[in-house]
Amino acid sequence: GSDQARGVPPLLSSFRAEQPEPSLRSFASPTMSEAGSGISQFTVIKADYANPVHATAIETLIAEYALDPMGGGEAIKPEILAKMVSELAKRPFAYTILAFSAEKPVGICNCFEGYSTFSGKTLVNIHDCAVTKDFRGKGVGQLLLEGVEKEAKTRGAGKLTLEVLENNKPAIGSYHKFGFAPYELDPAMGKAEFWQKVIP
């Protein structure tokens, strides 16, 4: 049947048709229901910042993520949220991977290119990675990371990086499962830490 008959947002269809590789098409993941027999269908795509469906999904998911304790627990200012997608669109080194369940946006990764001076290759940092509360534990995170890695490979990236709160155990488990590990050069020197300085 058609994409619309299957409940896939029409504006996702063209991207899927242009991407035959399974990591950016649709995925079937077992649900975590008690019955254990249901299958949830997820569509994972690279966002088009000019697509209003994608833009709304980005705003909705990031607003929800910010309110989560692991996202800081504070709402993003409306004026910042309103310009988020247009600001991302200005940056050719930015890309976003979205996950949908039918027409509902359920997961997001916002990514930015960097450059590794040691390897001489592009690197991709996953700046935001979030799955809506009702869809956690259903494999959405792994599908998002697959989409991130696929796009990173097209950009010639040699590695992915991210930061994670040390008490966010579910996320840490998901990242370990995908192949991430704490960063270190020499074990004797210890693991790298992520620091910041806010510029007023």
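**Figure 1. Lys 138 and the ring of Phe 135 in the predicted model.** The charged end of Lys 138 is placed over the Phe 135 ring, at 4.9 Å from the ring centre. Phe 135 is buried, its relative accessible area being 13%. The residue belongs to the loop between strand 5 and helix 4.

**Figure 2. The aromatic pair of Phe 42 and Phe 135.** Four aromatic pairs are present in the structure. In one of them, the ring centres of Phe 42 and Phe 135 are 6.1 Å apart and the planes stand at 75 degrees, so the pair is edge-to-face. Phe 42 comes from strand 2 (residues 39-46) and Phe 135 from the loop between strand 5 and helix 4, so the contact of the rings ties together parts 93 residues apart in sequence. Phe 42 has a relative accessible area of 0% and is buried. Phe 135, at 13%, is buried as well.

**Figure 3. The ring cluster of Tyr 175, Phe 178 and Phe 180.** These residues, Tyr 175, Phe 178 and Phe 180, are joined into a cluster by ring pairs. Tyr 175 and Phe 180 pair edge-to-face, with 5.9 Å from centre to centre and 65 degrees between the planes. Tyr 175 is buried at a relative accessible area of 10%, and Phe 180 is buried at 14%.

**Figure 4. Surroundings of Gln 142 in helix 4.** Helix 4 spans residues 140-154 and contains Gln 142. With residues up to four places away in sequence left out, Gln 142 touches Ser 174, Lys 177 and Phe 178. Phe 178 is also a member of the cluster with Tyr 175 and Phe 180. The relative accessible area of Gln 142 is 15%; the limit for buried is under 20%, so Gln 142 counts as buried.

**Figure 5. The salt-bridge network of Lys 46, Glu 113, Glu 151 and Arg 155.** Salt bridges link Lys 46, Glu 113, Glu 151 and Arg 155 in a network. Within this network, the side chains of Glu 151 and Lys 46 meet at 3.3 Å, N to O. Glu 151 lies in helix 4 and Lys 46 in strand 2, and the pair links these distant parts of the chain, 105 residues apart. Glu 151 is buried, with 10% relative accessibility, whereas Lys 46 is partly exposed at 24%.

**Figure 6. Salt bridges Glu 87 to Arg 91 and Lys 191 to Glu 184.** Seven salt bridges are found in the whole structure. In the pair of Glu 87 and Arg 91, the N to O distance is 3.0 Å. Glu 87 is partly exposed at 24% relative accessible area, and Arg 91 is partly exposed at 32%. For Lys 191 and Glu 184, the closest N and O atoms are 4.0 Å apart. Lys 191 is exposed, with 54% relative accessibility, while Glu 184 is partly exposed at 33%.

**Figure 7. The hairpin of strand 3 and strand 4.** Strand 3 (residues 94-101) pairs with strand 4 (residues 104-116) in the antiparallel sense through eight bridges. Ala 99 is opposite Gly 107 of strand 4. Two residues separate the strands, and Ala 102 in the turn has a positive phi of about 55 degrees.

**Figure 8. The hairpin of strand 4 and strand 5.** Ten bridges join strand 4 to strand 5 (residues 121-131), again in the antiparallel sense. Phe 112 has Asn 125 in strand 5 as its bridge partner. The hairpin has four residues between the strands, and Gly 120 adopts a positive phi near 75 degrees.

Notes:
Residues are numbered from 1 along each chain as its sequence is written. This is a predicted model: local features need pLDDT of at least 70, side-chain atom pairs count only at pLDDT 80 or more; totals for chains, interfaces and linings use all residues. Side-chain values use heavy atoms; hydrogens and water are left out. Two strands pair if DSSP finds at least two bridges between them. Buried means under 20% relative accessible area, exposed over 50%, partly exposed in between (1.4 Å probe, protein chains only). Contact means heavy atoms within 4.5 Å. Rings of Phe, Tyr and Trp (its six-membered ring) pair if their centres lie within 6.5 Å; planes under 30 degrees apart count as stacked, over 60 as edge-to-face and the rest as tilted. A charge sits over a ring if NZ of Lys or CZ of Arg is within 6 Å of the ring centre and within 35 degrees of the ring normal.
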